[in-house]
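New notebook page. I'm opening this one up to see how its pieces fit together.

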Amino acid sequence: MIKPLLTKKGQEVLDKFLNTRAPITIEERKGKIFRMLSLLMKEQGYKEAGREIVIEAMRMSLIKGYDLLFHMIEDPAKFNKLSIDPYQDMKAYYTQPIQVRRWEPVIIKPTKHSDEMKVLAICASPRKRGNTDVLVDEALSGVTDAGAKVEKIMLQKLVVNTCLACQKCQQPGFVGFCAQKDDVPGIIQKIMDSDTIIIGFPIYSGRECAQLATFFDRWYCLGGRKLEQIKRALVIGTWGYPYVDTYDFVISSIIDTLNIFRIITVEAISACGFDGMLHGLDENRKAIILRFPKELEKAYQAGRSLVTGQG
Ligand SMILES: Cc1cc2nc3c(=O)[nH]c(=O)nc-3n(C[C@H](O)[C@H](O)[C@H](O)COP(=O)(O)O)c2cc1C
């Protein structure tokens with residue numbers, strides 16, 4: 001491992017990060033950070049790496065989900081205000097940034113007019129009328145206003161068992177979809193029968209919630225088979241951490257999974273700030289996003305564009 005020359009402050013910030021990590025992961029991470037740092041130093045003409053460039057190298061070598069750690073290191077006062085105070089103080093809870101970001105849409109004209117389309121929405125959040133559910137409903141309003149037919153399912157209400165890796169579905173002559181007898185074959189059939197799908201999910205433990213992960217594991221039964229018709233999708237990801245791009249990489253990975261099955265994501269939504277003292281609800285247990293109509297409107301627009309292709 002080539003160790004670039006670090007200033008005292010550069011070394012301090014590196015140690016601060018590495019000291020929070022599990023010992024068995026440190027050498028591998030250090031290797032990646034040093035390699036990135038060497039490249040950045042060469043590019044920017046530095047002989048010695050200070051705090052800023054070390055942070056840049058760490059950010060570039062680690063997944064975006066480490067935002068929290070970097071925010072804590074970079075600006076502790078701002079970090080406390082945004083990420084700690086909403087857990088301790090009701091005023092801070094109600095003033096934390098709730099943001100929705102609509103990704104730049106992919107303009108592909110649908111093959112049908114919107115009033116001939118069927119849209120299936122799958123909400124993977126267990127909280128009915130929680131923030132994810134409300135965003136999905138708002139997108140569905142955009143869909144229905146454009147004339148398309150909609151159906152919505154809450155994954156939590158259905159029986160979605162885990163994949164048993166029995167491989168029966170892969171055996172020649174296997175009849176049916178899966179050896180498990182639950183609601184998954186019915187949901188897959190609904191996807192097949194729709195032109196467009198909407199998937200909404202919350203981030204749990206830095207990844208998609210288990211409800212969605214479990215459901216996707218069962219798509220293994222499709223094997224290499226792609227869906228017959230190319231479909232369009234809108235993917236909505238929500239989370240607590242108050243930065244609207246921290247978990248975009250998880251949304252991208254869901255989009256990649258859909259892509260394998262020829263479901264092309266043309267619209268995506270990131271939404272953040274759903275945590276703190278009341279965990280994304282208000283004192284009446286209503287989703288906090290309902291207090292932000294301008295942010296919600298972005299989900300409406302994404303839903304409408306999903307079926308009209310008009311961006
Ligand atoms: C078990 C669990 C794990 C969570 N993990 C994270 C996390 O890693 N990062 C984050 O920003 N928010 C996390 N959250 C917060 C949720 O992502 C957030 O509250 C979500 O947007 C709630 O959606 P809902 O209102 O539809 O339930 C977690 C929430 C729960 C219940």
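How many bridges join strand β2 to strand β3, and do the two run parallel or antiparallel? I looked it up, keeping in mind that this is a predicted model. Six bridges join them, and the strands run parallel. β2 covers residues 118–123 and β3 covers residues 149–154. I picked out one pairing: Lys118 has Lys149 as its bridge partner in β3.

Next I checked what goes with these strands. Helix α7, residues 131–145, joins β2 and β3 in a β-α-β unit, and the unit is right-handed.

Then the core. The largest nonpolar core has 56 residues, and Ala139 and Ile236 have the most contacts inside it. I noted which elements supply at least two residues of this core each: among them are β2, α7, β4 (196–204), β6 (231–239) and α11 (293–308).

I followed up on Ile236. Leaving aside neighbours within four places in sequence, Ile236 is in contact with Thr132, Leu135, Val136 and Ala139, and also with Ile198, Gly200, Ile269, Ala271 and Ala299. There is a second, separate core too, with twelve residues, including Leu6, Val13, Met36 and Ile53.

Last stop: the ligand. Which residues come nearest to it? I found Gly130, Thr132, Thr238, Gly240 and Tyr241, out of 20 residues around the ligand. Thr132 was already on my list as a contact of Ile236. α7, β4 and β6 each supply at least two residues of the shell, and each of these elements also supplies at least two residues of the largest core. By class, I get seven nonpolar, ten polar and three charged residues in the shell.

Note on methods:
Residues numbered from 1 in each chain as written. Predicted model: local features only at pLDDT ≥ 70, side-chain atom pairs only at ≥ 80, totals over all residues. Pairing = 2+ DSSP bridges. Helix = DSSP H or I, 4+ residues; strand = E, 2+ residues; numbered from the N terminus. Right-handed = clockwise from strand over helix to strand, strands pointing away. Core = buried A, V, L, I, M, F, W, Y, C linked by C-beta atoms within 7 Å. Buried ≥ 20, exposed ≤ 12 C-beta atoms within 10 Å, placed from the backbone. Contact = placed C-beta atoms within 7 Å. Near = placed C-beta within 6 Å. Nonpolar A, V, L, I, M, F, W, Y, C, P; charged D, E, K, R; others polar.
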